[in-house]
Amino acid sequence: MSEQHNHEDHIDEVNGMKQGHGKVPRFLIIVYAALACWAVFYALTAKGIDETANAGGNTAGVSAEAGKALMGQSCALCHGQNYKGGLGPTLAGVVDTKGEEYVTGILKNGGVTMTAIAKDNNWTDDQVKSVIAAMKEIK
Amino acid sequence: MVERSALAIYIAAIVLFMMGAFATIILPFFDPDMTTPTANAEARNYAPDSPEAKGRLVYIANGCNTCHTQYVRPVKADVAMNLGPVTVPGDYVYDKPHLFGSNRTGPDLMWVGSRTNAQWNYQHLKNPQKLVPGSIMPKYDYLSEDDLNNLVSYLMSLKPATNAQAAAFNK
Amino acid sequence: MLSNAPFSTAKNFWYSSIFWLIISMIAGLVVALKQISPDFLYFQGADGLNFALTYAHIRIIHTNGILLAWLSMAMVGAMFYMVPKLTRTPLWSERLGNLTALIWNVAIAAAVVIIALGYSSGVEYAELPLILDLGVAVLAVLLSINLFMTIAKRQEKQLYASIWYFTGSLIWLPLVWIVGNIPSALVGGAMQANMNWFYGHNVLGLWFTTVGIGQIYFLLPKITGKPLYSHKLSLIGFWTIATIYVWNGPHHLVNGPIPVWLMKAGIIPSLLLIIPVWTVLANVFGTMKGVWHRVAEDVNLKFLVTAAIFYMMACLQGPFQSLMQVSAVVKFSHWVVGHAHMAPFAAFSFVCFVTIYYAVPRLTGRHIYSKALMNWHYYMSVIGFLMFAFTLWIAGVIQGFAWMDGTPFMETVDTVRTLVVFRAVGGTLMIVGQLFFAYNIWKTVKSGTKISSEENVAA
Ligand code: HEM
């Protein structure tokens, strides 16, 4: 490009096509810079979405609250958003009809399809009890 | 000067292309998440002449994947629609060709085998509108009896690996 | 048998592309109607026929027909016209060019039959079975040889921006095609899906987009008579698109079963694409400065400016929907289908219309048969498309939020039913516009008034 004058009005002809040498508009330069900054920021900070989880939860102490958090994380995908049945059966009233021992068993050892969630995630006994407490509250 | 030489444009274009191709096509081969099969993948690794494998071919020949996806994302919509467990790359290691799909004109079918039963599926394929009034799924009553049964077997196999399968796989 | 007349290749590509345009759009309308009534074109008891005409087969014929037959052939025709014009060198071999056009048509016809018989590879946009994949690769090589030889024989050394774009596209197309169609089938699984979208995205970005921009850079100065605004912008636009576009494949699998780093490797370049897109647009609008009043009277310019605007819209929408949070709502819904028509139809098909309207009078020595029909073509296409797209975008947003609320699937289907009907109405308008186009070109070639020697339209 050395032999060309980078002058606004200078027009040269290439392959029979006229071409000018207009300036790069200022706002474009700002856009380039802003995008470059964003790209670096995003590359360093962005995380994948995980909306299956509500929250983490404490490992000690029994509470229906902690249980709810654990359930949102682990059970909704298979038992439905309100635990009224999906891939797995409804969980409403299951603790009453089948008993706490049965439910503890299925959490620790899994069912035919259901995974052994408590074991796989190394839940403490308190956490299992919290989940059962939360299950009792499902109406 | 690049503008004077078609060859220079040619070479630069190839080099830039290769950079992107390397990052997005070659690098994933080195990510174990992409390549390690899971128990779910194993459960779908059908023997070549099984009804499920044949049913999968019927699924492809009739383009079910133009209306149905087979993947569950960790996002609110998929949780709310009760689609089943979120899928990971390892679940698809034996899917050849992949049947991800890109459009949900109908619901996701990744784990449909655990939501529906064989008899319902058979009837539904023959006449979706009879079972689901207003459904816009086409009738597949033109399929032969064999094809229909194989297709149903395939659909019913679309469920998470059982614990027994998972245990066997982990050994 | 194969003509050696100058520019016969370009003409043959264009005439066949218009034929495939009509066929593929009708296939599209059939799909739209089948989404309204699944019993449309369903014949109780005629099993073989029902299989051939099943929803999926027609949809595959529609997408492949539009992309591989209409848009690709129209663009190849444009290159066969513009490359010799720009290099002021006759095409290396018109005979080879015509042979390429002939094989291309045979391959597409074979593809239609094969897809209707259910022999699809099952992978979106790569449905053609291996044998035809190889056929397309051979076609790409044939046309590259022809065009590269023409460029190599040129007298003037300097190359105009359009030629860079054409050169780039011709080298990228075979690479993209091969990655997407040949090894990916051996791989399977999430890896294949990733390769599949590498192809699916790059065939848009490094073929349709780049050839389309090359055409715009040729047409705009010719039609307005003004020099292209800025050489520097052309350079920036070309090299940034060449650097960034290749990376975009994974944005089609956002939130899906691929690692997060790979998603990010696709999302970042999606936003960075704003750089080449706005650079090209700045060049277009810079060139237009001072001649805007001509848009009202010149249908070609109207088409071209509209195309630039829709290109801008598509490339604002694209980065937006590649973001994880947005994708979580619109993905899998009708929204994506709306987006998927904006650039290929309302931007790059429009550019091809202009190329054909511009070149056919110059090659046949006849005036365009009817300017009124051209106007009708324009208004039907734009109004039809807007109706088509907006109904789909609205439907998509409704679907996205309904799914997040866990609404039973059929309830959402019922909610968007009316919108899907309006989509079909918009689509019908789009087709009617193209019928005007086809008729107009046909009449021009057959019986357009001769251009007298005093009128100087030849460029
Ligand atoms: C800056 C430019 C663009 C970006 C960032 C972009 C981004 C995207 C994204 C993220 C999707 C996937 C949507 C989803 O499934 O969630 C998509 C789909 C699509 N885009 Fe674009 N786009 C751009 C421009 C274009 C252009 C220029 C064309 C055509 C020439 C195009 C044609 C399509 C098509 C056909 C699909 C549908 C693919 C399918 O079937 O799923 N886009 N685009």
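This passage describes the ligand site and the interface of chain A and chain B in a predicted model. Local features require pLDDT of at least 70 and side-chain atom pairs count only at pLDDT 80 or more, whereas totals for chains, interfaces and linings use all residues. Side-chain values use heavy atoms, with hydrogens and water left out.

The ligand is located between chains B and C. Its shell comprises 23 residues (a heavy atom within 4 Å of the ligand), of which C:Glu124, C:Tyr125, C:Cys315, C:Lys331 and C:His339 come nearest. Oxygen atoms of the ligand lie 2.9 Å from a side-chain N or O atom of C:Tyr125, 3.0 Å from a polar side-chain atom of C:Lys331 and 3.1 Å from a side-chain N or O atom of C:Glu124. In chain C, helices H8 (189-224), H12 (299-322) and H14 (334-364) each contribute at least two shell residues, and H14(C) provides the largest share, six residues. Because domain 2 (188-315) and domain 3 (332-445) of chain C both give residues to the shell, the ligand lies between them; the domain bounds come from an automatic or database domain assignment.

At the interface of chain A and chain B, the contact (heavy atoms within 4.5 Å) takes 20 residues from chain A and 17 residues from chain B. The buried area, that is, the accessible area (1.4 Å probe) lost on being put together, summed over both parts, is about 1,500 Å², with 57% on carbon and sulfur atoms. Zero salt bridges are found across this interface, a salt bridge being a side-chain nitrogen of Lys or Arg within 4 Å of a carboxyl oxygen of Asp or Glu.

Note on methods
Residues are numbered from 1 along each chain as its sequence is written. Chains are lettered from A and ligands numbered from 1 in the order in which they are written. A polar contact is a pair of N or O atoms within 3.5 Å; within protein, one must be able to donate a hydrogen and the other to accept it, and residues adjacent in sequence count only if both atoms are side-chain atoms. Helices (H or I, at least four residues) and strands (E, at least two) are DSSP runs, numbered from the N terminus. Buried area is the accessible area (1.4 Å probe) that two parts lose on being put together, summed over both.
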